[in-house]
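Here are a few notes to read with the model open beside you. Take the points one at a time and find each spot as you go.

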Amino acid sequence: MTNLFNVPTLLAYEKSLGKAEILELWRLFVHETENTFSQIQTSLAKGDVSALRTCYHRLHPAAKVFGLDSFAFLCAKIEHNLVNSSTAQLKDDIQQSFSLWQQSFSAVALYLECAS
């Protein structure tokens, strides 16, 4: 798997958009990701594969913007497996995505706090 947090990716976006815009986008991304994880839990309980796919499809590109390579990779993997009806490890992958999100969030939050 790739890096937990790819600093050069975030720096490139920060250079283009500015520090204040990145911080605002980060706040929005965190809020939306928390909502998405709630939707994932509900969709998983209902067995709604289409909704799960939509959730992970939404998370993947946004995670890439912030350099969350491992998390983005796992989101893409889950989405791919859902599209291809390969759900054998779905619950394990989703649990891993929750854990990886927490690790990734902590790494970026610490970086942004220190870089301020």
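1. How close do the axes of helix α1 and helix α2 come, and at what angle do they cross? Keep in mind that this is a predicted model. Helix α1 covers residues 7-17 and helix α2 covers residues 19-46; their axes come within 7 Å and cross at roughly 120 degrees. Angles of 65 to 115 degrees count as roughly perpendicular and those over 145 as roughly antiparallel, so α1 and α2 are oblique to each other.

2. Now look at who does the touching in that pair. On the α1 side you'll find Leu10, Tyr13, Glu14 and Leu17, and they meet Lys19, Glu21, Ile22 and Leu25 of α2. Sorted by class, the contact of α1 with α2 has five nonpolar residues and three charged ones, with no polar residues.

3. Next, move along to helix α4, which runs over residues 69-83. It has 15 residues, and the distance from its first C-alpha to its last is 21 Å, close to the 21 Å expected at 1.5 Å a residue. Quite a few of its residues are buried: Asp69, Ser70, Phe71, Ala72, Leu74, Cys75, Ile78, Glu79, Asn81 and Leu82.

4. Phenylalanine 73 is also in helix α4. Is it buried, exposed or partly exposed? Its relative accessibility is 45%, so phenylalanine 73 counts as partly exposed, as the in-between class runs from 20% up to 50%. If you'd like a distance to check, try phenylalanine 73 and leucine 28: they are 45 residues apart along the chain, and their C-alpha atoms are separated by 21 Å.

5. Asparagine 81 deserves a stop too. Why does asparagine 81 count as buried? Buried means under 20% relative accessible area, and asparagine 81 has 17%, so it makes the cut. Which residues does asparagine 81 touch, once you leave aside its neighbours within four places in sequence? Those contacts are Ser86 and Asp93.

6. Finally, see what follows α4. There you meet serine 85, in the loop between α4 and α5 (90-115). Its phi is near 55 degrees, which is a positive value in a residue other than glycine. Is serine 85 buried or exposed? With 61% relative accessibility, serine 85 counts as exposed, because the cut-off for that class is over 50%.

Technical notes. Residues are numbered from 1 along each chain as its sequence is written. This is a predicted model: local features need pLDDT of at least 70, side-chain atom pairs count only at pLDDT 80 or more; totals for chains, interfaces and linings use all residues. Side-chain values use heavy atoms; hydrogens and water are left out. Helices (H or I, at least four residues) and strands (E, at least two) are DSSP runs, numbered from the N terminus. Buried means under 20% relative accessible area, exposed over 50%, partly exposed in between (1.4 Å probe, protein chains only). Contact means heavy atoms within 4.5 Å. The expected span of a helix is 1.5 Å times one less than its number of residues. Axes are lines fitted to C-alpha atoms, for helices over the stretch in contact, and angles run from 0 to 180 degrees between N-to-C directions. Angles under 35 degrees count as roughly parallel, over 145 as roughly antiparallel, 65 to 115 as roughly perpendicular and the rest as oblique. Ala, Val, Leu, Ile, Met, Phe, Trp, Tyr, Cys and Pro count as nonpolar, Asp, Glu, Lys and Arg as charged, and the others, Gly among them, as polar.
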